[in-house]
Amino acid sequence: MTLQEKIIKLKKEKNAVILAHYYQETAIQDVADYVGDSLGLSQQAAKTNADIIVFAGVHFMAETAKILSPNKTVVLPDLKAGCSLADSCPADAFENFVKAHPNHTVITYVNCSAQVKALTDIVCTSSNALKIVTSIPKDKPIIFAPDRNLGKYIIKQTGRDMLLWDGSCVVHEAFSIEKLLNLHKKYPNYVIIAHPESEEHILKVATYVGSTSGMINYVKAHQDKSFIVATEAGILYKMQQEVPNTELVPAPAKEDNTCACSECAFMKVNTLQKLYDCLLNESPQIKVPKAIREKALIPINRMLELSK
Ligand code: 13P
Ligand code: SF4
């Protein structure tokens, strides 16, 4: 039996579900029950009947699943699957920041720890951020954390003046605007699409800006066009399956980047073997202390309610 066949057999025996993000390696995406963006994955985690959730993604995503389904076993193939954005916002420093700005509504992007979510009024993802921010009454000042690029993009789109935390994603900041413009000069008919974690100069030249699922849906709706895709390169696998006859080119990364496109090293620490092992051993498990979990659940549920 291949490793993939063993995983599929074991997952049936254990009544487990495999939830995978688009940035996971292709072999993992192939064995997943659901592949999606952060919002879709948390919606799946909230409604699954499985006993075990195998989260093929990064730590904050698995933690969100555990907060939503505390009685289920949630395993992550490798606990080192972190996120530079979540790391850029330590809970103690964020707590001081929130305390220094009372009366502000605190909106956090889902890429943050459970402790930070516990200090939050409402969570958002890249697919609902504009909707969540505009749902806050205009006279309420807002703190937005941790992604400054997404924050700046929302300010531009909504005209809301938000106080931003200074965090960012190393992967989306690795795109080179010079190389991107050169590529576009070579292929002027290609449409640039970008994830809002990218820097302002990248978003400025993009025709469409949205979450990973949003980008896939956009490409599906415009299959007659060709695209330059500015997000983590793992998305190209599912995207190409959806639009087999459409030309897709990854946006180029800066010279000093480890790959010519952009890859998230955190996402890629998960492997098919580690996924099998974590399902077999039911370890490593995600644990969230009850007091944090109960507080963090409130802003996550507010987001899910507004995203129906
Ligand atoms: P999405 O919710 O758009 O999939 O983004 C998750 C993420 O980590 C992007 O870097
Ligand atoms: Fe975090 Fe960036 Fe990796 Fe997404 S791509 S998980 S934001 S480091």
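A crossing is left-handed if the near helix is turned anticlockwise from the far one by less than a right angle, and right-handed if clockwise. Helices (H or I, at least four residues) and strands (E, at least two) are DSSP runs, numbered from the N terminus.

This is a predicted model: local features need pLDDT of at least 70, side-chain atom pairs count only at pLDDT 80 or more, and totals for chains, interfaces and linings use all residues. Residues are numbered from 1 along each chain as its sequence is written, while chains are lettered from A and ligands numbered from 1 in the order in which they are written.

**Exercise 1. Describe how α12 and α13 pack.**

Step 1. Take the axes of α12 (residues 212–221) and α13 (residues 235–242); they come within 10 Å and cross at roughly 30°. Axes are lines fitted to C-alpha atoms, for helices over the stretch in contact, and angles run from 0 to 180 degrees between N-to-C directions.

Step 2. Classify the angle. Angles under 35 degrees count as roughly parallel, over 145 as roughly antiparallel, 65 to 115 as roughly perpendicular and the rest as oblique. α12 and α13 are therefore roughly parallel to each other.

Step 3. Assign the hand: the crossing of α12 and α13 is right-handed.

Step 4. List the contact (C-beta atoms, placed from the backbone, within 7 Å). From α12 come Thr212, Met215, Ile216, Val219 and Lys220, and they meet Ile235, Lys238, Met239 and Glu242 of α13.

Step 5. Sort this contact by class: 5 nonpolar, 1 polar and 3 charged residues. Here Ala, Val, Leu, Ile, Met, Phe, Trp, Tyr, Cys and Pro count as nonpolar, Asp, Glu, Lys and Arg as charged, and the others, Gly among them, as polar.

**Exercise 2. Repeat the analysis for α1 and α14.**

Step 1. The axes of α1 (residues 3–13) and α14 (residues 272–281) come within 10 Å, crossing at roughly 25°. That makes α1 roughly parallel to α14.

Step 2. The hand of this crossing is left-handed.

Step 3. α1 supplies Leu3, Gln4, Lys6, Ile7, Leu10 and Lys11; α14 supplies Leu272, Gln273, Leu275, Tyr276, Leu279 and Leu280. By class, the contact holds 8 nonpolar, 2 polar and 2 charged residues.

**Exercise 3. Which angle do α4 and α15 make, and which residues meet?**

Step 1. α4 (residues 59–68) packs on α15 at about 100°, with the axes 9 Å apart. That makes α4 roughly perpendicular to α15.

Step 2. Thr64, Ile67 and Leu68 of α4 meet Arg293, Ala296, Leu297 and Ile300 of α15. The class count is 5 nonpolar, 1 polar and 1 charged.

**Exercise 4. Place ligand 1 among the domains.**

Step 1. Write down the domains: domain 1 (3–81 + 267–287), domain 2 (85–169 + 296–306) and domain 3 (172–250). The bounds come from an automatic or database domain assignment.

Step 2. Collect the shell, taking residues whose C-beta atom, placed from the backbone, lies within 6 Å of the molecule. Around ligand 1 stand Asp37, Ser38, Asn111, Thr125, Ser126, Cys169, His195, Glu197, Ser211 and Thr212.

Step 3. Split the ligand 1 shell by class: 1 nonpolar, 7 polar and 2 charged.

Step 4. Map the shell to domains. Domain 2 and domain 3 each give at least three residues to it.

Step 5. Check the two domains themselves. Their centres, taken over C-alpha atoms, are 26 Å apart. The contact takes 10 residues from domain 2 and 14 residues from domain 3. On the domain 2 side, the residues divide into 3 nonpolar, 5 polar and 2 charged.

**Exercise 5. Characterise the shell of ligand 2.**

Step 1. There are 13 residues around ligand 2; Cys83, Ser84, Cys169, Val171 and Cys264 come nearest.

Step 2. The classes are 9 nonpolar, 2 polar and 2 charged.

**Exercise 6. Locate the backbone features in the loops.**

Step 1. Ala145 to Pro146 is a cis peptide bond, with omega near -10°. Pro146 lies in the loop between β7 (142–145) and α9 (148–158).

Step 2. Ser283 and Pro284 are joined by a cis peptide bond, with omega about 0°. Pro284 sits in the loop between α14 and α15 (290–306).

Step 3. Asn15, a residue other than glycine, has a positive phi near 50°. Asn15 is in the loop between α1 and β1 (16–21).

Note on methods:
Contact = placed C-beta atoms within 7 Å.
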